[in-house]
Amino acid sequence: MTPRSLDPLLKPATLAVVGASADITKIGGRFIKSFLSSGFTGKLYPIHLKANEIMGLKTYTSVLDVPDEIDLALLTIPAAATEEAMKQCALKGVKFVVVHGTGFSEIGALGKELETKVLQIAREGDIRVVGPNCMGLFCPQVKLNTIVADYEFPFEPGPVGFCGQSGWVCENTVLWGTLRGLCFSGVISSGNQADLNILDYLDYFGNDSSTRVIGAYQEGVKDGNGLLEKAKSISKVKPIVLWKTGRSEAGARAVASHTASLAGSSRVTDAAFKQAGILKAQNLEELHDLLIAFSTPYLPKGNRIGVLVESGGGGAAAADACEPLGLEVPPLPEEIQQEFIDFTTGKIPPTSGMTNPVDIAWAPAQGTREFWLGCIEILVKAVDVLIVITYHKLTDENFIKGVIELMDQAAKPIVLIPGHSTAQEEGMAKCVRKGIPVYPTPERAVKAILAMTKYVSYVEEVKQ
């Protein structure tokens, strides 16, 4: 099929909803309500056989009656009606179609036959198709959300491009990811991938200047060599974080029934991913942790880790997590220790640890903003990554601004861990949105840092 930029898919100027409804318990009704309440920036065309208007919008009996060209059509109709709807989209010259319905290749031979017919019509009409059997799109730039349409979002665009075969993974990546501070350049729920697939989405996000890191969830790989070649070219310039399921026998059965995908050998896949520079996530939590890590504008130039804590236990936990993974927690140079002692004398007890981890227990009033930033400025000079376990309120805008300025000054990542993460969720998200990685525990922070160092090593190797 004709290669085409995915801009009209993720930034549509005109959008038709085939199967629109005034009933918000139906998918076509939920979508229309969502688009209106969120302020979708394009022109919206509800398609309904009988109604004259839906939620104040003029309706059309067919896409053929729409006066404008259509960038994107959402098919929110049963599988049995999809073939005829695709014919009309082909006659209209619609650029992209998202087929939300189920009942295609994931259910067996009859569904596969229908999927093949629908795809053939799309090919003849030069339409690119997302799905079928998918949740659709989350597009912050145009305030378009079909993945979790019942929820309201700030629609703040950001550096993460994401595609996933599972609606559940995409839903939680948008919902939970947003709560943790992730901001997206786009999210695509790809479903059965009858036409557009992970290669197309990697290619788009790989060339998209607003995307810094690409995340993906994949169940089966139809073109393994193509995926590896595409990943190799993209990984040289931006990281790809991928969570692949179907590693167990039961998981492979679930994959086959979910999106009609075939899962391959875990060991073979892992080795191939490593060669292609793909960073593997083991679960949803780790997937998000790594996307947060690579949302920061700076990557570590080495594996020397500094730890600044207001709690000795946190420092020991961070150090214990680092060393088994090959991350060094070296003693600080004497000149840095002396500079730190000079800065903190009279402000913290003289018995606090000053080597690495650095313990500033009982900092005055839980540590003022200026005190914390001063400590960070000194210690970050001696290491490649600085972990800071702090009780300072992460909602403090000036503290966030100060940390960002220090990261810019040092060109190094500074990773924050709040002393009480359950009480700091708002501040944690605020930091992540600004490009500061934040994690609830030292162990999760260290795993994310390890992924960053592995990626840097990979890039250095392929450049040689």
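## Exercises: odd backbones and empty spaces

Alanine 411 sits in the loop between α14 (397-410) and β18 (414-418). Keep in mind as you work that this is a predicted model.

**Exercise 1. Work out what the phi of alanine 411 looks like, and whether the residue is buried, partly exposed or exposed.**

Start with the backbone. Alanine 411 has a positive phi of about 55°, although it is not a glycine. Now turn to the surface: the relative accessible area of alanine 411 is 25%. Buried means under 20% and exposed means over 50%, so alanine 411, at 25%, counts as partly exposed.

**Exercise 2. Do the exercise again for lysine 143: find its loop, its phi and its exposure class.**

First, the place: lysine 143 belongs to the loop between β8 and β9 (144-145). Next, the angle: phi is positive here too, at about 60°, and lysine 143 is not a glycine. Last, the exposure: relative accessibility comes to 34%, so lysine 143 is partly exposed.

**Exercise 3. Look at the peptide bonds leading into proline 132 and proline 357, and say where each proline lies.**

Take proline 132 to begin with. The bond from glycine 131 to proline 132 is cis, with omega near -5°. As for its place, proline 132 is in the loop that runs between β7 (128-130) and β8 (136-139).

Then go to proline 357. A cis peptide bond links asparagine 356 to proline 357, and omega is about 5°. Proline 357 lies in the loop between α12 (334-344) and β16 (358-359).

**Exercise 4. Say how many cavities of 30 Å³ or more the structure holds, then describe the lining of the second largest cavity.**

Searching the whole structure turns up two cavities of 30 Å³ or more. The second largest cavity has a volume of about 50 Å³.

Now walk around its wall. Met86, Val99, Phe104, Glu115, Val118, Leu119, Val129, Gly131, Pro132 and Ala194 make up the lining. Gly131 and Pro132 are among these residues, and the peptide bond between them is the cis one from Exercise 3. Helix α4 (residues 109-124) provides the largest share of the lining, three residues.

Finish by sorting the lining into classes: eight residues are nonpolar, one is polar and one is charged. Glu counts as charged and Gly as polar, so Glu115 and Gly131 are the ones to pick out of the list.

**Exercise 5. Find the largest pocket and say which helix gives the most to its lining.**

The largest pocket holds about 640 Å³ of space. It is lined by 22 residues, and Lys274, Ile278, Leu279, Lys280 and Lys454 are the closest to its centre.

Next, assign the lining to elements. At least two lining residues come from each of α9 (266-275), β14 (278-281), α10 (284-293) and α16 (442-463). The top contributor is α16, with nine residues. By class, the lining of the largest pocket splits into 11 nonpolar, four polar and seven charged residues.

**Exercise 6. Describe the second largest pocket: its volume, its centre and the make-up of its lining.**

Start with the volume, about 350 Å³. There are 15 lining residues, of which Val18, Gly19, Ile47, Leu49 and Ile77 are the closest to the centre of this pocket. Helix α3 (residues 82-92) gives the most to the lining, with three residues. Sorted by class, the lining of the second largest pocket has nine nonpolar residues, five polar and one charged.

Conventions
Residues are numbered from 1 along each chain as its sequence is written. This is a predicted model: local features need pLDDT of at least 70, side-chain atom pairs count only at pLDDT 80 or more; totals for chains, interfaces and linings use all residues. Side-chain values use heavy atoms; hydrogens and water are left out. On a 1 Å grid over the protein atoms alone, a cavity is a set of points where a 1.4 Å probe fits but cannot get out, and a pocket is an open set with protein on both sides within 12 Å along at least five of seven lines; lining residues have an atom within 4 Å of a point. Grid points are joined across faces, edges and corners, and a volume is the space filled by probe spheres set on the points. Helices (H or I, at least four residues) and strands (E, at least two) are DSSP runs, numbered from the N terminus. Buried means under 20% relative accessible area, exposed over 50%, partly exposed in between (1.4 Å probe, protein chains only).
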